[in-house]
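Colleague: I'd like to learn how to read the side-chain features of a model like this one. Could you walk me through it?

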Amino acid sequence: MAIITTWNIVGMDCKPDVNGKLNYVVTAHWTLNSATNGTYTGSVYGTVSFEVDPDKPDYTHYADLTLAQVVAWTQAALGADGVAYYEKSVADQNQKQITPSIVTLPLPWSV
């Protein structure tokens, strides 16, 4: 079964003004969700902080930010190892549901 992962940004914290750059994003709140066949799911939530650079040449106005752009910033801040760690974590959550190591059975005298 294929495990499909989806990165999302669920909130952003901003400095109101950084040298005329309004609503400068300093923190992204992210989730990573996984699904297998729509039956098994996994999820993780985290935050990443971004360095404030008042001279940032590629500043994007808050209203012009896209999900893809902020996800890319988030993944860059986590680094390749961090991204791999979280993607493995949600995949492992799915796998543990598919093949659990412990199960709870009905009590034999209640059946």
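Colleague: Let's start with the rings. Which residues form one aromatic cluster?

Modeller: Keep in mind that this is a predicted model. The cluster is made up of Trp7, Trp30, Tyr85 and Tyr86.

Colleague: How do I describe two rings that pair up?

Modeller: In general, you give two things for a pair of aromatic rings: how far apart the centres are and the angle of the planes. Here the count comes to 5 aromatic pairs. Take Phe50 and Trp73, with centres 5.7 Å apart and 75 degrees between the planes, so the pair is edge-to-face, the cut-off being over 60. This pair also links distant parts of the chain: Phe50 is in the loop between strand S3 (40-49) and helix H1 (67-98), while Trp73 is in helix H1, 23 residues apart from it.

Colleague: Are those two, Phe50 and Trp73, buried or exposed?

Modeller: Phe50 counts as buried because its relative accessibility is 16%, and the cut-off for that is under 20%. Trp73 has 24%, so it counts as partly exposed.

Colleague: And how do the rings of Tyr85 and Tyr86 pair?

Modeller: Edge-to-face again, with 5.1 Å centre to centre and 80 degrees between the planes of Tyr85 and Tyr86. Tyr85 counts as exposed because its relative accessibility is 56%, whereas Tyr86, at 24%, is partly exposed.

Colleague: What sits over the ring of Trp73?

Modeller: That would be the charged end of Lys56, 4.9 Å from the ring centre of Trp73.

Colleague: Next, the core. What should I look for?

Modeller: The general idea is that in soluble globular proteins, nonpolar side chains tend to be buried together. In this model the largest nonpolar core has 14 residues, and Trp7, Ile9, Ala28, Trp30 and Leu32 have the most contacts inside it. Strand S1 (3-18), strand S2 (21-36), S3 and H1 each supply at least two residues of this core.

Colleague: Which residues does Trp7 touch, leaving out those up to four places away in sequence?

Modeller: Trp7 touches Trp30, Thr31, Leu32, Val71, Gln75, Leu78, Val83 and Glu87.

Colleague: What about polar residues? Where is His29, and is it buried or exposed?

Modeller: His29 is in strand S2, and with a relative accessibility of 18% it counts as buried. Its side chain makes a polar contact of 3.0 Å with the side chain of Asp13. Beyond four places in sequence, the residues that His29 touches include Tyr45, Gly46 and Thr47, along with Ile9 and Val10.

Colleague: Same reading for Asn94: is it buried or exposed?

Modeller: Asn94 counts as buried because its relative accessibility is 0%. Asn94 lies in helix H1, and setting aside neighbours within four places, it is in contact with Ile3, Ser34, Ala35, Thr36, Tyr40, Thr41 and Gly42.

Colleague: Last one, the backbone. What is phi of Asn19, and what is it for Asn23?

Modeller: For Asn19, phi is near 50 degrees, a positive value in a residue other than glycine. Asn23 isn't a glycine either, and it has a positive phi of about 50 degrees. As for place, Asn19 is in the loop between S1 and S2, while Asn23 is found in strand S2. Asn19 has a relative accessible area of 65%, so it is exposed; Asn23, with 39%, is partly exposed.

Conventions
Residues numbered from 1 in each chain as written. Predicted model: local features only at pLDDT ≥ 70, side-chain atom pairs only at ≥ 80, totals over all residues. Heavy atoms only, no water. Phe/Tyr/Trp six-rings, centres within 6.5 Å; stacked < 30°, edge-to-face > 60°. Helix = DSSP H or I, 4+ residues; strand = E, 2+ residues; numbered from the N terminus. Buried < 20%, exposed > 50% of the residue type's maximum accessible area, 1.4 Å probe, protein only. Lys NZ or Arg CZ within 6 Å of the ring centre and 35° of its normal. Core = buried A, V, L, I, M, F, W, Y, C linked by side-chain atoms within 4.5 Å. Contact = heavy atoms within 4.5 Å. Polar contact = N/O pair within 3.5 Å; in protein donor to acceptor, adjacent residues only side chain to side chain.
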